[in-house]
Amino acid sequence: MRDVTLIQIFNHHIAKKYLNRSGVAHAIACAYHAFKLAKKRNVSVDLATKAALLHDMGHYTWYQNGKWDYDLYKKNDIHAIKGAERAHKLLIRLGENPIMAKEIAIAILFHTDSYMPESFIKRTPLQEIVKLADELDEEQGGMHHYRTIEKDRAIKMIERLDQMIDEES
């Protein structure tokens, strides 16, 4: 039995705020990719999907002259650091096992190397899955953050993913 489900995370007002900012459709797609990758690699599907769902909750929008500036974002990005902190706090608040919350937060921290050279990171299997899940859904110029999804469809997809996780456990 899991301490916290994806739908509990998704319905929390803090998650809603940051997932809407970074793209709900992208977050859900990454969670599904993470589920498949984790199942294939015998890694916890629960931890992988939670980390993938929350991986971009540290995003900050970089604007210049009132327009999104992707190059400025890439140059100044620390969203993985901020996201790991936000996700950890949210998971603890929801009642997640502290050891699991820490593992999820660290996977979020290392899902990208945009803030440090690649050679500095030696990823665990969980961390690698979250990185790959994100890459599988990327679109040029960060456009994956702007795809939309209807709220009812998002909820159904999250509930279905929760059911798939429960079936694996």
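Here is a short chat about one helix and some salt bridges in this predicted model.

Biologist: Before we start, what does pLDDT have to be for local features and for side-chain atom pairs?

Modeller: Residues are numbered from 1 along each chain as its sequence is written, and side-chain values use heavy atoms, with hydrogens and water left out. As this is a predicted model, totals for chains, interfaces and linings use all residues, but local features need pLDDT of at least 70 and side-chain atom pairs count only at pLDDT 80 or more.

Biologist: How far apart are the end C-alpha atoms of helix α8?

Modeller: Helices here are DSSP runs (H or I, at least four residues; strands are E, at least two), numbered from the N terminus. The expected span is 1.5 Å times one less than the number of residues, so the 12 residues of α8 (residues 125-136) should span 16 Å. The model agrees, with the end C-alpha atoms apart by 16 Å.

Biologist: Which helices do the buried residues of α8 pack against?

Modeller: Buried means under 20% relative accessible area, exposed over 50%, and partly exposed in between (1.4 Å probe, protein chains only). In α8 the buried residues are Leu126, Gln127, Ile129, Val130, Lys131, Ala133 and Asp134. Counting contact as heavy atoms within 4.5 Å, they pack against α3 (24-41), α4 (45-54) and α7 (98-109).

Biologist: How many salt bridges does the structure hold?

Modeller: You look for a side-chain nitrogen of Lys or Arg within 4 Å of a carboxyl oxygen of Asp or Glu. One such pair is Arg2 with Asp166, at 3.1 Å, N to O. In total, the salt bridges number nine.

Biologist: How many residues apart in sequence are the parts that Arg2 and Asp166 tie together?

Modeller: Arg2 counts as buried because its relative accessibility is 11%, while Asp166, at 45%, counts as partly exposed. Arg2 lies in the segment before α1 (6-11) and Asp166 sits in helix α9 (residues 151-168), so the parts they tie together are apart by 164 residues.

Biologist: Is Lys50, the partner of Asp46, buried or exposed?

Modeller: The closest N and O atoms of Asp46 and Lys50 are 3.1 Å apart, and both residues lie in helix α4, four residues apart, about one turn. Asp46 has 12% relative accessibility, so it counts as buried. Lys50 has a relative accessible area of 0%, so Lys50 is buried.

Biologist: And which residue forms a salt bridge with Glu85?

Modeller: The two partners are three residues apart in helix α6 (residues 79-94), about one helical turn. Glu85 is partly exposed at 49%. The closest N and O atoms are 3.5 Å apart, and the partner is Lys82.
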